[in-house]
Each structure stands twice: as C-alpha cells, then as structure tokens.
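The exercises below are meant to be worked through with the sequence and the 3D view open side by side. Try each task before reading the solution that follows.

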Amino acid sequence: MRDDHLIDTKQLAHEDIEAVLDRAAEIDADPSAFVDRHAGKLLGLLFYEPSTRTKMSFETAIKRLGGDIVDMGSVESSSVKKGESLADTTRVIEGYADALVLRHPSQGAAKMVSDFVDVPLLNAGDGAGHHPTQTLLDLYTIRENAGLDDITIGIMGDLKYGRTVHSLAHALTNFDVRQHFISPGSLQLPRSVRYDLHEAGASVREHTDIEDVLPNLDVLYVTRIQRERFPDENEYREIAGEYRIDMETLENATDELTIMHPLPRVDEIAPEVDSTEHATYFEQAHNGVPVRMAILDSLLEEQ
C-alpha cells in the first residue's frame, strides 16, 4: 500500500489491490502458515457505530495472526460519554496498540484522525463515505466467483448513502468491469461519486428497474434500502418492495449470476435465494477474515 493508513479505495492502485487479494488467497489456502506471524501485536478497535461482521472479522483476523485486541467498547461505556473528542480518544488508544481500526458515523472521520496518529489506521466505515476493507473482501469474492476481467456488474439499492457502494465503485475502475447502478431516483449515486467515476474513466449507466439489465449481469451486488433515510414510511415501503430479489426475479438471470450483499439484509433478498448457486453473500462474509488477515499482515510486517 502507498502509506500506513487505509482510508478509502481511491488510494489503492491496481497492483495494491492484487497484492492484497493474492495474499488473502494464500491465507485462505493455508491459514496455518500464518499463525503467530504477529505474536504480541495488539489491534485497537474504536467502533462508534454497531458492527457484527466487520468488528468480529478484524478480531478473528488479528488473533489468527497471533495477536490480540484492545477494544474501546461501546460509546456508552467509554469516556466519549464524558465529552472526550475523537482525536483525544484515538491518540490515547494509539498508545496501547500497534494498529487501529475506526468506525464512525461522520463522513471524513477516518481522514481527520489519520493526521493525529502514527500507527496504521484502517477505516472500517465513516458514515456515507468509504469502507475500504469491505471493498477488498468484495473484490476477493468477485474474483473467486466471476473473475475481475471483462465482466458486467450491477449494484442495486441505496446508492446515495451506501458507503460500501461508493468504495466498490471506485475500486472497480481499476479493472475491466462494466458497471450498472440500479436504484430509485431518490437514492441514485451522489453527484460527487458520479464525477469521480467519470474522471477515472468509468462509464456510469444508471437504471431504476433491475429487469432492464439483469440478463446481462455476471454479478449483482445488492444493498439494503435504508428505512431510516425516509421521512415517509409509505414511500419507503413502496420503494423497498420494488427492489427485492426472489425466485421469480431470477428467472431472467443467467445460470452463472453471482449475487452478493454486504449484509445485514432485511427483505431485499428472499430467503429461498440462499439455497441457489447464485447466493455468495455468506461466503462473502467469511472472506472478511482472510482478506483482513492479509491487510493486517501487510501493514504490521512494516512496523
């Protein structure tokens, strides 16, 4: 990687991504070869928002590398409740750990904190901004199932606020990938993201109906329509119901279609889809461990 911090996917070149994915594949093939590579190392976890997969997979990753964690715990039980600033909390925990993982509801929080700390900092999601480690495990899943050359991917759901979408879309510009974005008009890609994609040479194709593009897709990346963003519950229900993948929808898909989801899901993918060969979202969640092991291994070996 170009520096010790991983804040967003814009900093990752093609060779950086391939290096992480290749190392993750080595770890996935023989995890025992990486045991105790970083014995004695401590990973500081600062999660200002709830998390299941990201937090647990980071904890699993560092422990499988022989290290351990120091965890700030919940915001309610920390000095944040006393008014301590993010910068101060981070600088304190930096003194206990060899690397830090931060999730925060404010976009740009990770970038701000990176100016204050000297140990590697990993952005585990900053509001509607970026989620680069999720993107790397998404790319690993895509490469394992469909390859990353000459494929067509559809990204569907909340494209306006979805940080996993923003990170993935930027990262995919490093590969020969045709991107289609499917969402209601109110949740289309932000203008700033669309501009960055155009600047990177991507051809942005936007749709409101999944049926317009589904037969042409190699990969469908589904995200949750976020109820909390809608002031009108009826408007949410109307939109959410239209952006649902079920067995009837899949009648128009190719047999090779790979369906992904960063999870958690609500009802945007019907449970019966889980038993089809299309479903890879639980595999995707599993891939968080080898990919985050690869990221930590790369950063910590330079310390």
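**Exercise 1.** Is aspartate 150 buried, partly exposed or exposed, judged by its relative accessibility?

Solution. Keep in mind throughout that this is a predicted model. The step of reasoning here needs the cut-offs, by which a residue is buried under 20% relative accessible area, exposed over 50%, and partly exposed in between. Aspartate 150 has 49% relative accessibility and therefore counts as partly exposed.

**Exercise 2.** Find where aspartate 150 sits, and describe its backbone and its side-chain partner.

Solution. Begin with the place: aspartate 150 belongs to strand S5, which covers residues 149-156. Next, look at the backbone, where the phi of aspartate 150 is near 55°, a positive value in a residue other than glycine. As a general background, most residues other than glycine have a negative phi. Then turn to the side chain, which meets that of arginine 178 in a salt bridge of 2.8 Å, N to O. Because aspartate 150 lies in strand S5 and arginine 178 in strand S6 (residues 176-182), the pair ties together parts that are 28 residues apart in sequence. Arginine 178 is likewise partly exposed, with a relative accessible area of 30%.

**Exercise 3.** Examine the salt bridge between arginine 91 and aspartate 88, and work out how the two residues are placed along their helix.

Solution. The distance comes first: the closest N and O atoms of arginine 91 and aspartate 88 are 3.2 Å apart. Both residues belong to helix H3 (residues 86-94), and because they are three residues apart, they are separated by about one helical turn. The general rule behind this step is that an α-helix has 3.6 residues a turn, so residues three or four places apart point the same way. For the surroundings, arginine 91 is partly exposed at 39% relative accessible area, and aspartate 88 counts as partly exposed at 36%.

**Exercise 4.** Extend the survey to another pair, to a network, and to the total number of salt bridges.

Solution. Lysine 111 pairs with aspartate 115 in a salt bridge whose closest N and O atoms are 3.8 Å apart. Lysine 111 is partly exposed at 48% relative accessibility, whereas aspartate 115 is exposed, with 59%. Elsewhere, salt bridges link Arg23, Arg37, Asp297 and Glu301 in a network. The count for the model comes to 15 salt bridges.

**Exercise 5.** Which residues of helix H8 are buried, and which exposed residues lie on the face turned away from them?

Solution. Start inside: Tyr236, Ile239 and Ala240 are buried in H8. These residues cover an arc of only 100° around the axis, which means that they are on the same side of H8. The face turned away from this buried side carries the exposed residues Asn234, Arg237, Glu238, Gly241 and Glu242. One of these, glycine 241, has a relative accessible area of 53%. To place glycine 241 against another part of the chain, compare it with phenylalanine 116: the two are 125 residues apart in sequence, and their C-alpha atoms are 44 Å apart in space.

**Exercise 6.** Locate the patch of negative charge on the surface, and place glutamate 248, one of its members.

Solution. The patch gathers Asp209, Glu211, Asp212, Asp232, Glu235, Glu238, Glu242, Glu248 and Glu251. Glutamate 248 lies in the loop between helix H8 (233-242) and strand S9 (258-260). Its relative accessible area is 61%, so glutamate 248 is exposed.

**Exercise 7.** What kind of peptide bond joins leucine 263 and proline 264, and where does it lie?

Solution. The bond is cis, with omega about 5°. In general, most peptide bonds are trans. Proline 264 is found in the loop between S9 and helix H9 (281-286), and leucine 263 has its place in the loop between S9 and H9 as well. The phi of leucine 263 is near 60°, a positive value in a residue other than glycine. Finally, leucine 263 counts as buried, since its relative accessibility is 14%.

Key: Residues numbered from 1 in each chain as written. Predicted model: local features only at pLDDT ≥ 70, side-chain atom pairs only at ≥ 80, totals over all residues. Heavy atoms only, no water. Patch = residues over 30% accessible without salt bridge, like charges linked within 9 Å, V, L, I, M, F, W, Y side chains within 5 Å. Areas by Shrake-Rupley, 256 points an atom, 1.4 Å probe, with all protein chains shown as cover. Salt bridge = Lys/Arg side-chain N within 4 Å of Asp/Glu carboxyl O. Lys, Arg positive; Asp, Glu negative; His and termini not counted. Charge placed at Lys NZ, Arg CZ, Asp CG, Glu CD. Helix = DSSP H or I, 4+ residues; strand = E, 2+ residues; numbered from the N terminus. Buried < 20%, exposed > 50% of the residue type's maximum accessible area, 1.4 Å probe, protein only. Arc of directions from axis to C-beta.
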